[in-house]
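I am opening a notebook on a structure that is new to me, and I will write down what I looked up, entry by entry.

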Amino acid sequence: MAIKKYSNKLPQNAVLKQILKRCSSLGKKNDYNNDNDYPVDVPKGHFAVYVGENRSRYIVPISFLTHPEFQSLLRQAEEEFGFDHDMGLTIPCQEVVFQSLTSMIR
């Protein structure tokens, strides 16, 4: 299953980039690289997500976006929280479940 498109004019990778840019971190503006507005502690090719009741932060590779299991988590996140907010990309599952899933994807 593919991530649904938000606009017929934008390709899927552009939509994903917009989502990641809006939701990549809860960091303050001074923790960002001014060139691209991404958090300085997130390596290129990765993005931050927040998982579980305590909103633990995980840095995951962008390649996860192509995996159906991770796309399912993104759909759940969209349904529960939406993507246009200041909370960061929050995944609505328990940390142990997230860790298990991401260890299978790697």
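Are Y58 and F98 buried or exposed? I am working from a predicted model, and in it I find Y58 buried and F98 buried as well.

**Entry: aromatic rings**

I searched the whole structure for aromatic pairs and obtained 4 of them. One of these is the pair of Y58 and F98, whose ring centres lie 5.1 Å apart with 50 degrees between the planes, so that I list the pair as tilted, given that stacked needs under 30 degrees and edge-to-face over 60. I then looked up where the two residues sit, and the pair turns out to link distant parts of the chain, since Y58 belongs to strand β4 (residues 56-61) and F98 to helix α3 (residues 95-105), 40 residues apart. Following the ring pairs further, I noted a cluster that takes in F47, Y58, F64, F70 and F98.

**Entry: helix α3**

Which residues of α3 are buried? I wrote down F98, L101, T102 and I105. Around the helix axis they cover an arc of only 95 degrees, and therefore they lie on the same side of α3. I keep a general reminder beside this: an α-helix has 3.6 residues a turn, so residues three or four places apart point the same way. On the face turned away from the buried side of α3, I found the exposed residues V96 and M104. I also checked what the buried residues of α3 pack against, and my list reads β3, β4, α2 (68-81) and β5.

**Entry: the nonpolar core**

I looked up the largest nonpolar core, which has 18 residues, and those with the most contacts inside it are V49, V60, F70, I91 and F98. The elements that give two or more residues to this core are β3, β4, α2 and α3, and α2 gives the most, with 4 residues. I took V49 as an example and, leaving aside its neighbours within four places in sequence, found it in contact with S56, R57, Y58, V60, F70, L89, I91 and F98.

**Entry: the salt bridge**

How many salt bridges does a search of the whole structure find? My search gave 1, in which the side chains of R57 and D41 meet at 2.5 Å, N to O. This pair, too, links distant parts of the chain, for R57 lies in strand β4 and D41 in the loop between β2 (38-39) and β3 (46-51), 16 residues apart. I checked the accessibility of both partners: R57 is partly exposed at 32%, and D41 is partly exposed with a relative accessible area of 47%. In general, side chains of opposite charge can pair when their charged atoms come close.

**Entry: T90**

I placed T90 in strand β5 (residues 90-91). Its relative accessible area is 5%, under the 20% cut-off, and so I count T90 as buried. The side chain of T90 makes a polar contact with the side chain of R55, at 2.4 Å. Not counting residues up to four places away in sequence, T90 touches Y50, R55, A77 and F81.

**Entry: P61**

My last look was at P61, which is found in strand β4. The relative accessibility of P61 is 18%, and because buried means under 20%, I enter it as buried. P61 and H46 are 15 residues apart in sequence, yet I read 4.1 Å between them in space, C-alpha to C-alpha. Setting aside residues up to four places away in sequence, I noted that P61 touches G45, H46 and F47.

Terms used:
Residues numbered from 1 in each chain as written. Predicted model: local features only at pLDDT ≥ 70, side-chain atom pairs only at ≥ 80, totals over all residues. Heavy atoms only, no water. Phe/Tyr/Trp six-rings, centres within 6.5 Å; stacked < 30°, edge-to-face > 60°. Buried < 20%, exposed > 50% of the residue type's maximum accessible area, 1.4 Å probe, protein only. Polar contact = N/O pair within 3.5 Å; in protein donor to acceptor, adjacent residues only side chain to side chain. Contact = heavy atoms within 4.5 Å. Salt bridge = Lys/Arg side-chain N within 4 Å of Asp/Glu carboxyl O. Arc of directions from axis to C-beta. Core = buried A, V, L, I, M, F, W, Y, C linked by side-chain atoms within 4.5 Å.
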